[in-house]
Amino acid sequence: MPTLNAQGDLRRRLSEALAPTEVRVRVPDRRPERLVTVTREGGSRRNALLDGPGIGIYCWAPTEQEAWELADAVADEMAALPFSAGYADAQQEAMYSDPDPDTRSPRWYLSYTVTTFKPS
C-alpha cells in the first residue's frame, strides 16, 4: 500500500480552500496576479508506511500585504491538516517575504516537513 502523495493532495486541498486563487506545481508562462505553487523539495520515505516530504510553497499577489495574507491562509490550512486524511504531522520550518527575483513582485515562501501515511 503506497503512502499518501502529499504534494498532489496539498495542491488539491489548497485549491479548494483558496479559490479562486490558482494552485499549481509550476509557474505558468503568464503568471496570474495571485498564484500558489506547491512542490516537494526533499525529505525521505521513512519506511513502507510513513513518508516525510519537505514541502515548499510560494504565494504571489499584487501587494506585499495580499501576499502575506495568502501565505497566512496557507499556514492556517497546513495547521489544520487532518490525521484522518493521512497527515500525522506538519511542522512549519520557514515563512518569510521573498520577492520574485525576476519580476520583483511580492511573494512569500513557506516550507514544511510533513509526516504522512496512507489512510485506510
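**Strand pairing and burial in a predicted model**

In strand β2, V36 is the bridge partner of V23. The model is predicted: local features need pLDDT of at least 70 and side-chain atom pairs count only at pLDDT 80 or more, while totals for chains, interfaces and linings use all residues. Residues are numbered from 1 along each chain as its sequence is written, and side-chain values use heavy atoms, with hydrogens and water left out.

The bridge between V23 and V36 belongs to the pairing of strand β1 (residues 22-24) with β2, in which the strands run parallel and are joined by three bridges. Two strands are taken to pair if DSSP finds at least two bridges between them. The strands themselves are DSSP runs (E, at least two residues), as are the helices (H or I, at least four residues), and both are numbered from the N terminus.

The protein contains two helices and five strands. Their order along the sequence is α-β-β-β-α-β-β. With a radius of gyration of 14 Å, close to the 14 Å that the globule rule gives for 120 residues, the protein is as compact as a globular protein of that length. Here the radius of gyration is taken over C-alpha atoms, and the globule rule is 2.2 Å times the number of residues to the power 0.38. Along the principal axes, the C-alpha atoms fill a box of roughly 40 × 25 × 25 Å.

Strand β2 covers residues 35-45, and V36 lies within it. V36 counts as buried because its relative accessibility is 0%; buried means under 20% relative accessible area, exposed over 50%, and partly exposed in between (1.4 Å probe, protein chains only). Leaving aside neighbours within four places in sequence, the contacts of V36 include L18, T21, I57, Y58, C59 and L70. E22, V23 and R24 are also among these contacts of V36, and residues 22-24 are those of strand β1. A contact means heavy atoms within 4.5 Å. S84 is 48 residues from V36 in sequence, and their C-alpha atoms are 25 Å apart in space.

Between β1 and β2 there is a loop, and R26 is found in it. R26 counts as exposed because its relative accessibility is 62%. From R26 to M95 the C-alpha separation is 19 Å, with their positions 69 residues apart in sequence.

After β2 the chain passes through a hairpin of four residues into β3. The two strands run antiparallel and are joined by 10 bridges. Within this pairing, T39 stands opposite G56 in β3.

Strand β3 spans residues 50-60, and it also pairs with β5, in the antiparallel sense, over nine bridges. One of the residues with a partner in β5 is G54, whose bridge partner there is T113. P53 has its place in β3 too. P53 is buried, since its relative accessible area is 0%. Apart from neighbours within four places in sequence, P53 is in contact with A6, R40, G42, G43, Y112, T113, V114 and T116. P53 and R26 are 27 residues apart along the chain, and 18 Å separates their C-alpha atoms.

Strand β5 (residues 107-117) is mostly covered, with 10 of its 11 residues buried. Besides β3, its partners include strand β4 (residues 87-97), which runs antiparallel to β5 and is joined to it by nine bridges. W108 in β5 is the bridge partner of S97.

S111 lies in β5. S111 counts as buried because its relative accessibility is 12%. Leaving aside neighbours within four places in sequence, S111 is in contact with I55 and with Q91, Q92, E93 and A94. In a regular strand the side chains alternate between the two faces of the sheet.

Some totals describe the whole chain. Buried residues make up 41% of the 120 residues. Of the contacts between residues at least 6 apart in sequence, 57% join residues at least 24 apart. The accessible surface comes to about 6600 Å², and 48% of this belongs to carbon and sulfur atoms; the areas come from the Shrake-Rupley method with a 1.4 Å probe, and for residues only the protein chains shown count as cover.

The protein has 14 positive and 18 negative charges, and their mean positions are 8 Å apart. Lys and Arg count as positive and Asp and Glu as negative, while His and the chain ends are not counted. The place of a charge is taken as NZ of Lys, CZ of Arg, CG of Asp or CD of Glu.
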